Structure formats: structure tokens, C-alpha cells
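Biologist: I am new to this structure and would like to go through it with you one question at a time. Could you show it to me before we begin?

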Amino acid sequence: MKLFVQLAAVLMLSGWGAPSVAGINPFEFDSPEQEQRFKKLSAELRCLVCQNQNLADSDADLAVDLKNEIFSMLREGKSDAEIIDFMVARYGDFVLYRPPVKPTTYMLWVGPFILFVLGAVVLVMFVRRRNRDVLESGELSSDERRRLEGLLREQHDAAGGKRKRNK
Amino acid sequence: MKARYIVPLVGFLALVGLFMIGLGLDPREVPSPLIDKPAPQFSLPDLHDESKSVSTEDLKKHKVSLFNVWASWCAACRQEHPLLVELARQGVVPIYGLNYKDKRGDAINWLNRLGDPYTASAFDENGRVGIDWGVYGVPETFVVDSKGMIRYKQIGPVTEEALQETILPLIEKIKTEEG
């Protein structure tokens with residue numbers, strides 16, 4: 001039993017920690033600058049398997065392969081633009097978290113501004129009309145005045161009646 | 001009815017319409033930039049015989065061919081497999097396989113068990129050729145013509161519906177183009 005516990009302890013110490021540490025940083029960069037470029041590129045490229053993650057955050061098989069690909073291209077001295085082009089040629093603009101401005105993406109880029117302007121126009125129209133309604137209703141029609149007087153009298157009577165009863 | 005009732009109603013109906021269209025789309029289907037582009041060059045060992053190789057040139061030998069990315073670990077490949085076997089039996093179109101990130105033994109066993117529809121299967125052990133073809137989910141199937149142009153890409157398993165409505169008509173069209 002004691003031997004078993006010792007064995008388990010040895011296994012845990014040796015086997016457990018090592019692979020996860022190796023998993024955190026599998027790449028050995030030539031320079032800190034290269035590492036920065038790697039981080040920037042893998043943060044800007046989308047993982048196609050888990051579409052709401054970038055390559056940096058994803059552990060999907062393909063994401064790991066593509067990160068390896070980026071790493072080896074960096075070591076070959078490829079520029080950032082060349083690496084981005086490599087990805088776009090294979091997977092399309094979809095891999096970019098910042099898609100380029102071109103006819104098929106005009107709506108994507110301009111859409112929010114159009115919506116904002118539309119919203120602003122509707123808001124201004126709404127506020128203006130309400131202001132006008134308030135101004136116009138400054139004068140009561142004779143019908144409205146009669147109703148108002150009726151309501152006031154009712155309220156007055158009700159309040160008066162209460163007071164009498166309280167006495 | 002007054003405009004103040006109609007305007008929100010029209011807006012609401014427009015949104016409903018937009019959502020209905022949106023729900024019908026599959027976000028997993030990313031349009032491939034490779035359509036109507038030359039098929040990426042590759043040369044890989046044959047799955048069954050390491051000494052032989054399978055390359056883009058093999059695809060160009062035919063008027064039209066299918067290039068099917070598959071793996072023994074892929075469940076959806078199993079789903080489409082009977083259709084491919086049937087297609088190969090009828091001799092409609094040669095099917096080339098790209099065995100993607102698989103183990104050779106597993107892949108050969110899989111084919112022995114379920115049938116081998118492939119004229120040849122290229123063995124892409126590390127998935128590097130898959131990256132060149134823009135593969136991001138197995139299975140994927142490409143239609144390639146004799147000039148080596150990719151004419152269509154099926155993402156996900158080939159279904160009876162996709163086969164009848166899209167793939168087979170396209171194959172016929174390419175065959176008549178080539179004359």
C-alpha cells in the first residue's frame with residue numbers, strides 16, 4: 001500500500017505537470033518580435049472549426065495545424081501580409097476578423113452607420129412631433145374644458161364629502 | 001390605418017423576413033475562395049501502396065472527377081459513404097479520396113469493412129494538403145474538371161438531395177462541355 005502511494009506520488013509529480021507545461025508554449029521563437037507577430041496574427045485569424053474563436057484561443061485540431069503553419073512561415077521570413085494572403089487564398093475573407101472593404105462587404109461596414117442615421121432621424125421626428133402636440137394642446141377645446149370642469153367638480157365634491165364625514 | 005401603426009408593422013415584418021432567411025442559412029458553410037480556381041497542386045503517397053503516388057495530375061485525366069476528403073474517425077463520412085460506393089458502382093464519375101489526418105491501418109480497415117469507392121486515395125497524414133484545399137471540416141467533396149478547375153465544393157456529407165439536385169447535374173454539364 002505504501003509503495004502504491006509512493007508510486008502514485010512519483011507519477012503525479014513527473015507525469016502530470018510536464019505535458020500541460022509543454023502544451024502552453026509549444027513554439028520556440030527566434031526573437032520576442034517574432035513572438036509578438038505570431039500572437040497578433042493568430043489573434044486576427046478566425047478558427048474555422050469553432051467560428052467564434054480566433055486561432056490563438058482555439059485548441060481545435062485545425063487551429064493547431066494552422067498555428068504551426070503560421071509559425072513555420074514566420075521562421076521562413078514571410079511577411080504578415082503574405083501569411084494573411086495564404087489564409088485568405090484557402091479559407092476566404094471569412095478567416096479575417098477584420099474583413100477588407102470591398103463590394104461584397106460594403107453592407108457589413110456601412111450597415112451600422114446607416115442604421116444609426118435611420119435611428120437618429122426617427123428619434124428627431126418623434127421628439128419634434130411630440131413637442132408640437134404638447135404646444136397645440138396648450139389650448140383646450142370647449143368640449144375638453146367642460147370635461148375638465150366636470151372632473152374637478154367631482155373631485156372637489158368627493159373630497160368635501162369625506163371631510164364632512166370625518167367631522 | 002395611420003402611418004404610426006403601419007411603419008412599425010412593416011419594420012417588424014421586414015425583421016421577421018430577415019430572420020427567416022437567416023435561420024435557413026448554415027453558418028458552418030463558409031464559401032470557398034477556390035471555386036472556379038485551379039485545384040491546389042499536391043502529390044501524396046497512395047493510401048494502399050506507399051510506393052505509388054496520387055496527385056492533382058490524376059484528377060486531370062478525367063473529364064470530371066470528385067475529390068472527397070474523408071477519414072476513418074469522421075462520423076459524417078460514414079453517413080455519406082454508401083452514396084459514394086453506389087456512385088462508384090454505377091461508374092458515373094471517378095472518385096479520388098484524400099484520407100485526412102488518419103492512421104493508415106485504420107483507414108484501410110475502414111475501407112475493407114464499408115467498401116472502397118475510390119479510384120485512388122491520397123494519404124494526407126499531417127493534413128498539410130488539406131490546408132491547401134481549404135479543408136476545415138471533414139467530409140468535404142470537390143468537383144474538379146479536366147483542366148483541374150474546382151467547380152463546386154460540398155461542405156459536410158454528400159446527401160442524396162445534394163447529389164440529385166446539384167452534383168450530378170453539374171457533372172453532366174461538365175461532361176457535355178468537354179464533349
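Modeller: What follows is a set of questions and answers on this structure, which is a predicted model.

Biologist: Which kinds of element make up chain A, and in what order do they run?

Modeller: Chain A holds six helices and zero strands, and of its 167 residues 23% count as buried. Read from the N terminus on, the order of its elements is therefore a run of helices, since a helix is what the symbol α stands for here: α-α-α-α-α-α.

Biologist: What is the strand order of the open sheet in chain B?

Modeller: The open sheet has five strands, and its pairing is mixed. Strands of a sheet pair through backbone hydrogen bonds, either parallel or antiparallel. Written across the sheet, the order in chain B is 5-4-3-6-7.

Biologist: Which strands stand at the edges of this sheet?

Modeller: A strand at the edge has a single partner strand, so one side of it is left without a neighbour in the sheet. Neighbouring strands here are turned by 20° against each other on average, direction ignored. The two at the edges in chain B are strand 5 and strand 7 (150-155).

Biologist: Is strand 4 of chain B buried or exposed?

Modeller: I95(B), G97(B) and N99(B) point one way from strand 4 of chain B, while Y96(B), L98(B) and Y100(B) point the other way. In a regular strand the side chains alternate between the two faces of the sheet. Six of the six residues of this strand (residues 95-100) are buried, so strand 4 of chain B is largely enclosed by the rest of the structure. Taken residue by residue, all of them are buried.

Biologist: Which residue stands opposite Y96(B), and in which strand does it lie?

Modeller: Strand 3 (residues 64-70) of chain B runs parallel to strand 4 of chain B, and five bridges join the two. On the way from strand 3 to strand 4 the chain passes through helix 3 (residues 75-90) of chain B, in a β-α-β crossover that is right-handed. The residue that stands opposite Y96(B), lying in strand 3 of chain B, is F67(B).

Biologist: What is the bridge partner of L98(B) in strand 5 of chain B?

Modeller: Strand 4 of chain B pairs with strand 5 (residues 120-124) of chain B in the parallel sense, over five bridges. These two strands, together with helix 4 (residues 104-114) of chain B, make a right-handed β-α-β unit. The partner of L98(B) in strand 5 of chain B is A122(B).

Biologist: In which sense do strand 3 and strand 6 of chain B pair, parallel or antiparallel?

Modeller: Six bridges are found between strand 3 of chain B and strand 6 (residues 140-145) of chain B. One of the residues involved is V64(B), whose bridge partner in strand 6 of chain B is D145(B). The sense of this pairing is antiparallel.

Biologist: Which element gives the most to the lining of the largest pocket?

Modeller: The largest pocket has a volume of about 440 Å³, and its lining includes F126(A), R129(A), R4(B) and V7(B). By class, the lining divides into six nonpolar, no polar and four charged residues. Two elements give two or more residues to it, namely helix 5 (106-136) of chain A and helix 1 (3-24) of chain B. The one that gives the most, with six residues, is helix 5 of chain A.

Biologist: What is the volume of the largest cavity?

Modeller: The count comes to one cavity of 30 Å³ or more. Among the residues that line the largest cavity are L48(A), Y91(A), P31(B) and K153(B), and by class the lining has six nonpolar, two polar and two charged residues. The volume is about 40 Å³.

Biologist: Where does the peptide bond from V138(B) to P139(B) stand, cis or trans?

Modeller: Most residues other than glycine have a negative phi, and most peptide bonds are trans. P139(B) lies in the loop between helix 5 (128-132) and strand 6 of chain B. With omega near -5°, the bond from V138(B) to P139(B) is cis.

Biologist: Is K101(B) buried or exposed?

Modeller: K101(B) is found in the loop between strand 4 and helix 4 of chain B, and its phi is positive, about 45°, although it is not a glycine. Its relative accessible area is 19%, and the cut-off for a buried residue is under 20%. K101(B) is therefore buried.

Conventions: Residues are numbered from 1 along each chain as its sequence is written. Chains are lettered from A and ligands numbered from 1 in the order in which they are written. This is a predicted model: local features need pLDDT of at least 70, side-chain atom pairs count only at pLDDT 80 or more; totals for chains, interfaces and linings use all residues. Side-chain values use heavy atoms; hydrogens and water are left out. Buried means under 20% relative accessible area, exposed over 50%, partly exposed in between (1.4 Å probe, protein chains only). Helices (H or I, at least four residues) and strands (E, at least two) are DSSP runs, numbered from the N terminus. Two strands pair if DSSP finds at least two bridges between them. A crossover is right-handed if, with the strands pointing away from the viewer, the path from the first strand over the helix to the second runs clockwise. On a 1 Å grid over the protein atoms alone, a cavity is a set of points where a 1.4 Å probe fits but cannot get out, and a pocket is an open set with protein on both sides within 12 Å along at least five of seven lines; lining residues have an atom within 4 Å of a point. Grid points are joined across faces, edges and corners, and a volume is the space filled by probe spheres set on the points. Ala, Val, Leu, Ile, Met, Phe, Trp, Tyr, Cys and Pro count as nonpolar, Asp, Glu, Lys and Arg as charged, and the others, Gly among them, as polar. Axes are lines fitted to C-alpha atoms, for helices over the stretch in contact, and angles run from 0 to 180 degrees between N-to-C directions.
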